[in-house]
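Student: I've got a protein chain open on my screen and I keep running into labels. Could we go through where they come from?

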Amino acid sequence: MKPNFSKEFDRDAFKSYELWFSMQNISTDDGKEIKDYTPQEIIAEARYVLSCFYEGGHLNNEWLNSDIKEDRKNAQQEVRALKAFIKKYEVTL
């Protein structure tokens, strides 16, 4: 059964490059396409990707706490996109 993705859901989900990249890797490993995942699975992955920004030892955490202003700014944009996506869709599904 394929989920009923809306264009808005897709657009909002992949405002985060890190989420898109993670879903690409997972779908390749699973031999599936991203569209084969349920919205709940994508939201769960978004939560995981977001958690990586706050856990030491992850590259995303280093990026968020970087001394390089541009890296920090990009990481903060990723965090904002992930939080907004999760907040918007987690309660509706």
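Tutor: Sure, here is a chat about the labels and the values behind them. Keep in mind that this is a predicted model.

Student: Okay, what makes up the protein chain, in terms of helices and strands?

Tutor: The protein chain has 5 helices and 0 strands. Going along the sequence, you'd write the pattern as α-α-α-α-α.

Student: Why is the protein chain called as compact as a globular protein of that length?

Tutor: Set two values side by side. The radius of gyration is 14 Å, and the globule rule gives 12 Å for 93 residues; those are close, so the chain counts as compact as a globular protein of that length. If you want the extents too, the C-alpha trace spans about 45 × 30 × 20 Å along its principal axes.

Student: And how much of the protein chain counts as buried?

Tutor: That would be 37% of the 93 residues. Also, take the contacts with a separation of 6 or more: residues 24 or more positions apart account for 61% of them.

Student: Let's try single residues. Why is Ser16 called buried?

Tutor: Buried means under 20% relative accessible area. Ser16 has 1% relative accessibility, so it counts as buried. You'll find Ser16 in the loop between helix 1 (7-13) and helix 2.

Student: Which residues does Ser16 touch, not counting those up to four places away in sequence?

Tutor: Ser16 touches Glu78, Ala81 and Leu82.

Student: What about the next residue, Tyr17: why is Tyr17 called partly exposed?

Tutor: Partly exposed sits between the two cut-offs, under 20% for buried and over 50% for exposed. Tyr17 has a relative accessible area of 44%, so the label is partly exposed. Tyr17 is in helix 2, and its C-alpha is 7.3 Å from that of Glu78, although the two are 61 residues apart in sequence.

Student: Glu78 keeps coming up. Is Glu78 buried or exposed, and what makes you say that?

Tutor: Compare again with the 20% cut-off. Glu78 has a relative accessible area of 9%, so Glu78 is buried. This residue belongs to helix 5. Leaving aside neighbours within four places in sequence, Glu78 is in contact with Lys15, Ser16, Tyr17, Glu18, Phe53 and Trp63.

Student: How do you know that Phe85 is buried?

Tutor: Phe85 comes out at 2% relative accessibility, and that is under 20%, so Phe85 counts as buried. Phe85 lies in helix 5 (residues 69-90). Not counting residues up to four places away in sequence, Phe85 touches Phe9, Asp12, Ala13, Leu19, Ile42, Ile43 and Ala46. As for Phe9, the C-alpha atoms of the pair are separated by 8.4 Å, while the residues are 76 apart along the chain.

Student: Now two helices together. Why is helix 2 called oblique to helix 3?

Tutor: The axes of helix 2 (residues 17-30) and helix 3 (residues 39-52) come within 10 Å and cross at roughly 120°. That angle makes helix 2 oblique to helix 3, because roughly perpendicular covers 65 to 115 degrees and roughly antiparallel needs over 145. The crossing is right-handed.

Student: Which residues make the contact between helix 2 and helix 3?

Tutor: From helix 2 come Glu18, Leu19, Ser22, Met23 and Ile26, and from helix 3 come Ile42, Glu45, Ala46 and Val49. By class, that contact has 6 nonpolar, 1 polar and 2 charged residues.

Student: At what angle do helix 3 and helix 5 pack?

Tutor: The angle is about 145°, with the axes 10 Å apart. Helix 3 passes helix 5 in a left-handed crossing. Ile42, Ile43, Ala46, Arg47, Val49 and Leu50 in helix 3 meet Val79, Leu82, Lys83, Phe85, Ile86, Tyr89 and Glu90 in helix 5. By class, this contact has 10 nonpolar, no polar and 3 charged residues.

Student: Last one: what makes Arg47 partly exposed?

Tutor: Arg47 has 41% relative accessibility, which lies between 20% and 50%, so Arg47 counts as partly exposed. Arg47 lies in helix 3. Leaving aside neighbours within four places in sequence, Arg47 is in contact with Ile86 and Glu90.

Definitions and conventions
Residues numbered from 1 in each chain as written. Predicted model: local features only at pLDDT ≥ 70, side-chain atom pairs only at ≥ 80, totals over all residues. Heavy atoms only, no water. Axes fitted to C-alpha atoms, helices over the stretch in contact; angles between N-to-C directions. Helix = DSSP H or I, 4+ residues; strand = E, 2+ residues; numbered from the N terminus. Parallel < 35°, antiparallel > 145°, perpendicular 65-115°, else oblique. Left-handed = near helix turned anticlockwise from the far one by under 90°. Contact = heavy atoms within 4.5 Å. Nonpolar A, V, L, I, M, F, W, Y, C, P; charged D, E, K, R; others polar. Rg over C-alpha atoms; globule rule 2.2 N^0.38 Å. Buried < 20%, exposed > 50% of the residue type's maximum accessible area, 1.4 Å probe, protein only.
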